Amino acid sequence: MPGLRAIRRIYAIFFFVLFLFFIFSADFQHLKGYEVSLFLQIDPLTAIAGLLTSHTLYKGLALSLVILIPTLFLGRFFCSWVCPLGVLNQWLSHFANKRRPSEEYVVNNYRPIYRIKYYILTLLLVLSAFGMLQIGIFDPIAVMYRSFTISVLPAFDKIEAGIYLNDPLFNGGIFISALFLLIILANRFLTRFWCRVLCPLGALLGVFSQWSLLRIHRDVEKCTDCSKCLQFCQGGCDPDGELRVSECHVCMNCLEQCPETALHYGLATAKSSVAKPLDINKRRMLETVVGAGFLFPMLRSSISAHASPAPTVIRPPGSLAEEEFLARCIKCAACMRVCPTNVLQPALLETGFEGLWTPILINRQGYCEHHCVLCGQVCPTAAIRPISIEEKIGKKPFEEPIRLGTAFFDRGRCLPWAMQTPCIVCEEVCPTSPKAIWYRSTEVKDRNGKIKLVKQPFVEPTTCIGCGICENQCPVTDKAAIRVTSVGESRSKSNRMILEGKKVV
Amino acid sequence: MTGKRPKKKNRLESLHERRLFLKRASRLSGGAAILAAGGYLVYSDSPVRRTPEKIHTLPDYRVEPSKMYPIMSIVRGLNVDSMVKQAVDKLGGVSRFIKKGDTVLLKPNVGWDRMPEQAANTGPEVVGAVVGLCRQAGAGRVWVSDVSLNDPRRSFNRSGIEKAVHDAGGEVHICGDSDFVQTDMGGSLLKVWPVSRFFMEADKVINLPIVKHHSLSGCTLSMKNWYGVLGGRRNQLHQDIHTSIVDLANALKPTLTIMDAVRVLKRNGPTGGNPDDVVRENTIIASLDEVALDSYSLGFLGLVPEKIPFLAMAEARQIGQVDWRSLNVSQSQLG
């Protein structure tokens, strides 16, 4: 029978490969009903923080109980058995660092900086309780999904892996890459630095695992205090002394290292050593809560898309109203991975600080494909609702299509308007029927007084859905002569310009 | 090791030995020579390195003309497979056009992420039938390619063309940015443009357009379908659409053109979207003269050749003949 360590390794490899398979499959060609957002849905931090901000445990997020409930009994197994970032950090720490055994013992000692993750968790949860969801920046599953979408897969494709037809580009993608690289490089400095020191999901699971019935137990009579158990300890949880249960990933390495078989995983025996309680400083914790209380109004005090409508904040089709959207979006970039035209882009500060890395449409990069609803299908939290094609295009029984915004002509740049030159590419590509862009054939005089007949285009705002293909295809290449802004978006009741009830002309 | 090891900080330099000195000096000189030669090689008197890019030209894919067969054959009916076969048979059969082992490239209109019943793309039945004919004629490989305006993977998939092509034994080639080569179009407006590389690698090319309404040019027919070979900012061609169409038709001389007029998009083209804009005309036309073909196909859209400037322009460039009635045209009805 394989030992517990071997079983843990099989799980780790399986879940890591599964993660790669899901992220690879998340495009139009390969998405064949796979639950590609499964990892995001089983993430308890997403579920709990989302519950605080949205007051619902949305559908698939209930799956997080599959992780949370066993954690109560078995310990913080997620981090070394399931979490793709944890597994990646572990592999890098182990295979990319050569340390002498004596150094390994030092590196794997418990350190007080491991408390930081509990303060990060507290900060994020207090902000969530106030209604601001920022866990996505630090949630390991969101970090993995986002980093793979924005940096790893596109970089991998540069060596002709053929994942993409054309390499995608991302707005400020370097910042997302940089955070990922820092997380990876920190393993040099300290084994699993991210997992031990920073990870808020690890902290949450640590809190839940502190009373777990099954844990690593050390037989005080058999133990000779050789500390060999520390050599490959993944959590840095002092298995050689009083075990820090909240730090232990139940990686089972110590069991195999112990020459005296003094360690076992299971229920306590009469000779088992006691465990240390969760190591947090109550004063620091209080300071964090108070600090978060001050931070919240400061973060909210900048101009943001839900304080006043922002023209460039065009959200994917099916997105909830801005406040509800931000209460759910965990910045995982699953929508950006699945988007076929690369129009979905991580926002920087366009939407206010709160909306950092949330998806917006940048129409010079792509456009919203008329019959495509993939972003809503993969969104784990329904910040982008799963919509049908019928709902999106406004086919029966739906009355109205989903509008992302409205297109406006810039007549100073438009060829037929400003330069007496035929064009109307925007009209050609407009996907609605009847087309939202229409034209009038007009006689215009050129510079020499010569009369020319050109078709001058207009937008019909009650037909325009704001898909942005006109802006994307406009031959004025740098700043298009027709541009979509968010006004008229279906998700907002206030960001409107046309009197409601006005019919199509 | 025996004897006293020198202390770490007092170890002695051995370069005073002649042999070692010569060895290192010659290596350094070699390195210096390589550096100097490298500098000479990459030296340029201009700030931009001029590497002449290879400019391709498009081959002429046509077969020998023959007086025995009509120039154009129009077939009306309901079964697309047999209509396509009949249309080609009237022109001498597929073996006149495709030789054993040929690589045949089919160029349907797959511009849009639309379903077949919306008639914004060439019908999948037509594409499948032509792939099948080519396979029967012994074509080595049958490629189907287009440069779509919407997301190409979605366009090929949802138009039903990907499946039809695979079922009939062909291959779909979707063009990415790296699949274009600079090509001399030799036109009055179109000089050097990026063209899909598959056109350089095929032996025979069959144009498979569909009849559609288009606001700027009035219609999208066989000559306009060649827009789909171009990469780059081809939407700038709208600024002189008629000259562009004629330049394209002059540069691309297909083996055969088979027009899909089974479903015709009469309004709101070229994207359509609403099945109400589509009328069934149940016609397939095979032609060796694209000008005559386009001139005939205008009838489906209620247009006349005099209103469509590119036809007369094409005739003036001797690409074909606008007056299709004066040509040898076969018309037949099936079923």
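Two strands are taken to pair when DSSP finds at least two bridges between them. With that rule in hand, this tour of a predicted model opens at a small set of strands in chain B.

**First stop: a three-strand sheet in chain B**

Select β1, β6 and β7 of chain B. These three strands form an open sheet in the order β1-β6-β7, with mixed pairing. The edges are taken by β1 (56–57) and β7 (192–196) of chain B; each has a single partner strand, so one side of each is left without a neighbour in the sheet. Strands of a sheet pair through backbone hydrogen bonds, in either a parallel or an antiparallel sense. Now restrict the selection to β6 (residues 180–184) and β7(B), which are antiparallel and share five bridges. Within this pair, Val181(B) has Val195(B) in β7(B) as its bridge partner.

**Second stop: strand β3 of chain B and its two partners**

Move to β3 (residues 103–108) of chain B. Five of the six residues in this strand are buried, and the strand is mostly covered. Add β4 (residues 141–146) of chain B to the view: β3(B) and β4(B) run parallel and are joined by four bridges. Label Leu105(B) and Trp143(B), since Leu105(B) stands opposite Trp143(B) in β4(B). To follow the connection between the two strands, select helix α4 (residues 124–136) of chain B; the chain passes from β3(B) through this helix to β4(B) in a right-handed β-α-β crossover.

Next, add β8 (residues 204–208) of chain B. This strand also runs parallel to β3(B), and five bridges join the two. Here Lys107(B) has Asn207(B) in β8(B) as its bridge partner.

**Third stop: helix α10 of chain B**

Select helix α10 (residues 309–316) of chain B and show the side chains of Phe310(B), Leu311(B) and Ala314(B), which are buried. These residues lie on the same side of α10(B), because they cover an arc of only 105° around the axis. Which helices does this buried set pack against? Display α8 (241–251) and α9 (290–297) of chain B, against which the buried residues of α10(B) pack. After α10(B), pause at Gln318(B), where phi is positive, near 60°.

**Fourth stop: the whole of chain B**

Zoom out to chain B as a whole. The chain contains 10 helices and 13 strands. Its C-alpha atoms fill a box of roughly 105 × 45 × 40 Å along the principal axes. The radius of gyration of chain B is 29 Å, whereas a compact globule of 335 residues would have one near 20 Å. Colouring by burial would mark 49% of the 335 residues as buried. Of the contacts in chain B between residues at least 6 apart in sequence, 75% join residues at least 24 apart.

**Fifth stop: where chain B touches chain A**

Show both chains. In the model, 27 residues of chain B are in contact with 30 residues of chain A. Helix α5 (residues 152–158) of chain B gives the most to the side of chain B that touches chain A, namely four residues. By residue class, that side of chain B comprises six nonpolar, 13 polar and eight charged residues.

**Sixth stop: helix α3 of chain A**

Cross to chain A, whose secondary structure comes to 21 helices and 10 strands. Of its 505 residues, 50% count as buried. Select helix α3 (residues 44–54) of chain A. Why is this helix described as largely enclosed by the rest of the structure? Nine of its 11 residues are buried, so the surrounding structure largely encloses it. Among these buried residues are Pro44(A), Leu45(A), Gly50(A), Leu52(A) and Ser54(A). To see what covers them, display elements including α2 (38–41), α4 (65–74), α8 (116–130) and α12 (200–209) of chain A. The helix is followed by His55(A), with a positive phi near 60°.

**Last stop: Tyr34 of chain A**

Finally, select Tyr34(A), in the loop between α1 (4–25) and α2 of chain A. Is this residue buried or partly exposed? Tyr34(A) counts as partly exposed, because it has 13 C-beta neighbours inside 10 Å. Apart from its neighbours within four places in sequence, Tyr34(A) is in contact with Phe22(A) and Ser25(A). A distance drawn from its C-alpha atom to that of Phe21(A), 13 residues away in sequence, reads 9.8 Å.

Conventions
Residues are numbered from 1 along each chain as its sequence is written. Chains are lettered from A and ligands numbered from 1 in the order in which they are written. This is a predicted model: local features need pLDDT of at least 70, side-chain atom pairs count only at pLDDT 80 or more; totals for chains, interfaces and linings use all residues. Two residues are in contact if their C-beta atoms, placed from the backbone, lie within 7 Å. Ala, Val, Leu, Ile, Met, Phe, Trp, Tyr, Cys and Pro count as nonpolar, Asp, Glu, Lys and Arg as charged, and the others, Gly among them, as polar. The radius of gyration is taken over C-alpha atoms; the globule rule is 2.2 Å times the number of residues to the power 0.38. A residue is buried if 20 or more other C-beta atoms lie within 10 Å of its own, exposed if 12 or fewer, and partly exposed in between; C-beta atoms are placed from the backbone. The arc is that of the directions from the helix axis to the C-beta atoms. A crossover is right-handed if, with the strands pointing away from the viewer, the path from the first strand over the helix to the second runs clockwise.
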